[in-house]
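Good morning, colleagues. I should like to take you through one structure, moving from a single helix to the contact between the chains. Please have the view open before you.

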Amino acid sequence: MRELPDFGAASRREALAIATELIAYEAALLDERRWDEWLALLLPDCEYWVPTWIAEDELASDPRRHLSHIYYATRAPLEDRIARIRSGRAAAVVPLRRSAHVMSNTLIESCGPDRIDTRSAMLCHNYDPHGETVDVLFGWTRHTLRLGEPGWRIARKKTVLLNDTMPSSVDIYSL
Amino acid sequence: MADFLDPWVDDRPADGVFRVHSRIYTDPGLFEREQRCVFGRTWVFLGLESQLPGPRRWLSTRIGSVRVLVTRDGEGRLHAHLNACRHKGAMLARRETGEARQLVCPYHGWVYDLAGKCTSVKDERTGNYAAGFGDDHDLVALPRFATYKGLMFGSLSAEVPPLETVLGDIRPLLDLALEQGPDGMEFVPGRIVFRYRANWKLQLENGTDFYHLTSTHAAFMDVMNQRRQGAGNQEARQFDWHKRLQQRAGTFHFEHGHAAVWMDQAEAEKRPIYPAIDEIRRRVGDVRADWMLKVRGISLFPNLQIADGASLTLRTFHPLAVDLTEVRYYCLAPVGEAEALRAWRLRQFEDFFNVSGLATPDDVVIYEDCQQGFATSPGWLQGTARGHGLLREGGNEAAEELGVRPLATVIGDFRVQNETTLHPAYREWRRLMGAAEEREADHA
């Protein structure tokens, strides 16, 4: 059995407070479609990864050797997605699904003065006002946060979807 | 009885008419009939041999709604059976793939070897079975099973021509996908599964449809324009669609419902096989190597498509209900591909294809819109007409170059866009639906 984390350290408490608020804030930006603020919360070299499942209990572990739902080594490809959402020229984004995230159970996996690694439970309900359907994506998210000149920002986001029989469209606002 | 069939495919070559009726996508009676007459009476793709990489491996798959189990026995020989215990019908294999010395039914513990033979009826001696129980407890073998260059196919009916006959002259096109690697092809680990609320034939049609690209994927093309300025996902090395739209393109029609589309390649250097092209040229020759670099799409009736345009994908689609379909996308790649090329391939694939990609979700949500449109019964559709005026019987210079003998061909500017690829598919659909009708009438 692994040793239990040291819940008592003051720096750890501080890290948890920072991470919990930042992750909830990110979810709110996505749900409220505040795309520019969302992009600004991500560092330019932010890695963004949604792995596929290789088998029932084997998750893809290497984006260079295994298929991903989404894998971006930097933030720039996410800017493509925002442009596409804004274009109004793609059936899958017109009308855009409404999303409501619940990010919870945030844990600090490791932390230092300028870096926090976290794991949170992720749940996102989506409503498609055109098809009048609801779908739910759920799993867990690992965020790495980094402290820089403007403050804490997201340096890495990895979302593990547990229900991987997908609906007809999945995009960043529901991850 | 004839009204079940006749009105739904209007095929009058002399009048230049080919059209299908919206009811083929919506009628639950026709759907039920498709299960028996189409999926029940023709060869259907089961998987890749490389999904069972050694003895005692197994793969759980399906033909329509029928669950199929493909296994390799201790000697490595392939077998295909229904994935159902003979005792009470429980699915024997509960995972997608696995490796085992024997398969034990989780319900009452009957045991089968990897050749499908029942090796133990649990507690048989104390079971007080009467004579009627008999001694045949082996798994039910698929009536037909065969492979072609690593692709595995099965048929629920024994009354089908040999696989090689049914694949016929589309085989050289299949080879262009299956021989890109010197040691064969494999699925990159991981797969995409999604469901859409519309008929399976929407995916059948989309697989060879160039016409939708500039409208359905307008936003994708806008993004491509931005990328040419240096923005966005440069790692995907996506193609320049303005160049693509200038290319020569064409269609091959084959027997048994198959068709292929192709387009000349303006940017061969963006294909992940390009750095390996010298090896490919030495192995398959210049003509076939150049064809491997072209944009190509194959539709193998009823539910296998191999597309090699934005990236190389193999996809299957399984009808679950008249208005519900499951699609599985795999990334097909050379065995032993260099890691940098594999990563290049993956980024290109994910950019376009997944329902989390930038193009596929637009197709899929529109399938659902089509299904809604069909429900309002527009009647005869006009979606199989484009390119009909250029359709010629037999081959053309492209067919000759590649050495294929198609039933018919179209060749021209990319904008012809060739909806005639659906003529072979719907002729085969109608033949299978009707042929079964005749047999049933014989037995009546």
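Let me begin with helix H10 of chain B, residues 339-352, in what is a predicted model. At 1.5 Å a residue, its 14 residues should span 20 Å, and the end C-alpha atoms are indeed 20 Å apart, so expectation and model agree.

How many of the 14 residues of H10(B) are buried? Twelve of them are, and the helix is thus mostly covered. The buried residues include B:Trp344, B:Phe349 and B:Phe352, but also charged ones such as B:Arg342, B:Arg345, B:Arg347, B:Glu350 and B:Asp351. What do they pack against? Within chain B, the partners are strand S13 (185-187), helix H6 (218-228), strands S19 (312-321) and S20 (324-334), and helix H11 (360-375). Chain A contributes strand S4 (68-72).

I turn now to helix H3 of chain A, residues 76-87. This helix has twelve residues and reaches 17 Å from its first C-alpha to its last, close to the 16 Å expected. Its buried residues are A:Pro77, A:Leu78, A:Asp80, A:Arg81, A:Ile82, A:Arg84 and A:Ile85. The cover over them includes helix H2 (35-41), strand S1 (42-51) and S4 of chain A, together with H6 and H11 of chain B. After H3(A) comes A:Gly88, with a positive phi near 70°.

A:Arg84 also forms a salt bridge with B:Asp362, the closest N and O atoms being 2.8 Å apart. Across the interface of the two chains, the rule finds six salt bridges. The contact takes 37 residues from chain A and 42 residues from chain B. Together the chains bury about 3,500 Å² between them, 50% of it on carbon and sulfur atoms. On the chain A side, A:Arg64, A:Leu67 and A:Ser168 lose the most area to chain B, together 21% of what that side buries.

Finally, the nonpolar cores. The largest has 106 residues, of which A:Trp38, A:Tyr48, A:Ile172, B:Phe194, B:Tyr426 and B:Trp429 touch the most other members. Helix H1 of chain A, residues 10-31, supplies the largest share, seven residues. From chain B, domain 1 (44-146) and domain 2 (162-437) each give at least three residues to this core. Leaving aside neighbours within four places in sequence, A:Ile172 is in contact with residues including A:Leu30, A:Trp38 and A:Tyr48, and also with A:Leu78, A:Arg81, A:Ile82 and A:Ile85. Those last four are among the buried residues of H3(A). Apart from this core lies another, of 43 residues, among them B:Leu151, B:Val284, B:Ile306 and B:Leu312.

Definitions and conventions. Residues numbered from 1 in each chain as written. Chains lettered and ligands numbered in written order. Predicted model: local features only at pLDDT ≥ 70, side-chain atom pairs only at ≥ 80, totals over all residues. Heavy atoms only, no water. Helix = DSSP H or I, 4+ residues; strand = E, 2+ residues; numbered from the N terminus. Expected span 1.5 Å × (residues − 1). Buried < 20%, exposed > 50% of the residue type's maximum accessible area, 1.4 Å probe, protein only. Contact = heavy atoms within 4.5 Å. Core = buried A, V, L, I, M, F, W, Y, C linked by side-chain atoms within 4.5 Å. Domains from an automatic or database assignment. Buried area = accessible area lost by both parts, 1.4 Å probe. Salt bridge = Lys/Arg side-chain N within 4 Å of Asp/Glu carboxyl O.
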